[in-house]
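Subject: Structure handover

Hello,

As agreed, I am passing on the structure, with notes on what was found in it. Please look at it before reading the rest.

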Amino acid sequence: MTATEIHESADAEPAVNGGAKDAAAKTAGKAPSRRRRPWTLQRRLIVTVVGTTSLIMVLVAVATSVILGSVLEGQLDAQLNAMKSRSEALRPFITNRLSAEEILQEQPLPAGTLLAIQTPPAAPSGAVMTSDGEVVALTSTQIQQLAEGLRAEGPLVVTIEDVGTYRIEAYRSGPSVIVVGVSRADVATTFTQMLTTIVLLTIGGLLLLAAVTAWTIRAGLAPLRSVADTAARVSKLRLDQGEVSISERVPARESDPRTEVGRVGEALNTLLDHVDESLDARQRNEERMRRFVADASHELRTPLASIRGYSELSLRALAQSHDPLTLETTESSLDRIQAQSLRMTTLVEDLLLLARLDEGQELIYGSVDVSRLAIEAVGDARPVGPDHNWVIDVGEEPVMIAGDAGRLHQVAANLLANARTHTPAGTTVTVTVSVEGTDAVLSVHDDGPGIDPAISAELFERFSRADRSRARQTGGTGLGLSIVRAIVEAHAGSITVHSAPGDTTFEVRLPTRSVATT
């Protein structure tokens, strides 16, 4: 290894080590890269519109300048050809070996004209006509610049010191070489003025366009900002507990469905209406659930207390003696225990039935005679409600449907029990069975006081109670009509109610399909 290589290696090693150290230092001290802030829709629209329009205007300006330059150059060529034709009239002066200055003084040409003549063996001469109409002779240096310009290719343009720029053309006339030229000063001035005008108009137009575009887009996106502000305010509301009402809405002037952005505002308002209704429904369900828990607790507490009391009484009596009176008391207590157990069993079974119906279970289809079912239900209701008048109205032909006979009998029984419980003694209850189109119709009508309008909207909801008391005669658990609706809807039917004082009718419609179709 040579001394030079050693020297270079020694110099390179510190550089490498120093570079590694610098890289490590940069890596150690490098700040975490910050994410680039995304552009807003407004900024993107403004930049896109202004940028595209700017490009178009610049292209138009460039094209206009090129076309204008071509037109001016064409006019200059026409003037030069005219000068060449007029110079033919100068041949007698050239023959007399007059200089270019003398010729222009004898035969003036238009201002801005250049004339140069070389007739061997005489020295070349040249002169120009100024804008004031004076003739100025060219110096030898200026003539030399003119001669150098003649050596170029294409359209000949020469710049002569202290005189200006000329478009020139040379031709031979006999032994002489004649050069004529036209000043480009007017062309340059016109082109400069036009280019300045185009640039100023383009810049002014772009500034005006940017301002108008920004205002228009900002005004057009105002409804969208209002939608975002409304959504932001709604997002800060507590919606998870308690009674909640969403009063925030997009203003009507910014939710016009005739515009695209207005449709977004209208859609948000519709969504907020649905959410508000859902929150109201949730609150109502929670209130009904709380009422049901209280009712169910009462319903279960009473029989449990009875069972506990009677069982303790029986055990205490049996512990004291086993005489016939004690056995009789114990037997009565056991009867009460059984009755209360059946009462609890009924409540639990109703809840279990609703749960199974929700899951699509619990129905056993078969052929059901609705007329016979109604007759049996009325027959069961008469002994329980002897103080009511029971009327049955069915046709001679049986009304057959496919369904679960046991559950449909429960529908009729619950409707009759509802009429008996919530109407006073002496009320007439009429059960009617008919066929309307493809539906079997079972209606239960009574001439009682009617349904309280306050609960008519939630009559078939679970745990809904017409009587807020917990009396067994009038209160109930609020499951009877909800079971009716669940069974009817499980049979693809519907139930409606029409009520007025002295005229209340529950109407059940069931499709008259055959057993084979189920």
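The notes below go from the whole chain to single parts and pairs of residues.

Overall

Please keep in mind that this is a predicted model. The protein chain has 13 helices and 13 strands. It consists of 518 residues, and 31% of them count as buried. The chain exposes about 31000 Å², with carbon and sulfur atoms supplying 57% of that area. If one takes the contacts between residues at least 6 apart in sequence, 63% of them join residues at least 24 apart.

Helices α2 and α6

Helix α6 runs over residues 185–220, which makes 36 residues. At 1.5 Å a residue, a helix of this number of residues should span 52 Å, and the end C-alpha atoms of α6 are 51 Å apart, so the two values agree. The buried residues in α6 are Val187, Ile198, Thr202, Leu206, Thr213 and Ile217. Helix α2, residues 41–87, is included in what covers them.

The UniProt record, an unreviewed entry, carries the annotation "transmembrane region" for residues 45–68 and 194–217. What does the model show over residues 45–68? That span is 100% helix and 0% strand, and its end C-alpha atoms lie 34 Å apart. Residues 194–217 are also 100% helix and 0% strand, with 33 Å between the end C-alpha atoms.

On the surface, Leu41, Leu45, Leu224 and Val264 make a nonpolar patch of about 280 Å². Leu45, one of these four, sits in helix α2. Its relative accessible area is 34%, so Leu45 counts as partly exposed.

Salt bridges

In general, side chains of opposite charge can pair when their charged atoms come close. The structure holds six salt bridges, and three of them are described here, beginning with two that involve helix α2.

- Glu73 and Arg184 meet through their side chains in a salt bridge, at 2.3 Å from N to O. Glu73 belongs to helix α2, while Arg184 is in the loop between β6 (176–183) and α6, so this pair ties together parts 111 residues apart in sequence. With a relative accessible area of 28%, Glu73 is partly exposed.

- Asp77 and Arg167 form a salt bridge between their side chains, at 3.1 Å from N to O. Because Asp77 lies in helix α2 and Arg167 in strand β5 (residues 164–173), the pair ties together parts that are 90 residues apart in sequence. Is each partner buried or exposed? Asp77 is partly exposed, at a relative accessible area of 28%, whereas Arg167 is buried, at 11%.

- Asp439 and Arg509 make a salt bridge with 3.8 Å from N to O. Asp439 is in strand β11 (residues 439–446) and Arg509 in strand β13 (residues 503–511); the pair links distant parts of the chain, 70 residues apart. Asp439 is partly exposed at 22% relative accessibility, and Arg509 is partly exposed with a relative accessible area of 23%.

The Asp439 and Arg509 pair is also part of a network of salt bridges that links Glu436, Asp439, Glu507 and Arg509.

Two further residues

Strand β13 also contains Asp503, which is partly exposed with a relative accessible area of 39%. Which residues does Asp503 touch, leaving out those up to four places away in sequence? They are His445, Asp446, Asp447, Gly448 and His498. From Asp503 to Asp447 the C-alpha distance is 4.9 Å, although the two are 56 residues apart in sequence.

Val384 is in helix α10 (residues 370–384). Its relative accessible area is 53%, which is over the 50% cut-off, so Val384 counts as exposed. Between Val384 and Ala417 there are 9.0 Å, C-alpha to C-alpha, for residues that are 33 apart in sequence.

If you want a place to start on screen, take helix α2: it is part of the cover over the buried residues of α6, and it holds Glu73, which pairs with Arg184, and Asp77, which pairs with Arg167.

Regards

Methods
Residues are numbered from 1 along each chain as its sequence is written. This is a predicted model: local features need pLDDT of at least 70, side-chain atom pairs count only at pLDDT 80 or more; totals for chains, interfaces and linings use all residues. Side-chain values use heavy atoms; hydrogens and water are left out. Helices (H or I, at least four residues) and strands (E, at least two) are DSSP runs, numbered from the N terminus. The expected span of a helix is 1.5 Å times one less than its number of residues. Buried means under 20% relative accessible area, exposed over 50%, partly exposed in between (1.4 Å probe, protein chains only). Contact means heavy atoms within 4.5 Å. UniProt positions are given in the numbering used here, feature names are shortened, and annotations may be inferred rather than shown by experiment. Patches are made of residues with over 30% relative accessible area and no salt bridge: like charges are joined within 9 Å, nonpolar side chains (Val, Leu, Ile, Met, Phe, Trp, Tyr) within 5 Å. Accessible areas come from the Shrake-Rupley method with a 1.4 Å probe; for residues, only the protein chains shown count as cover.
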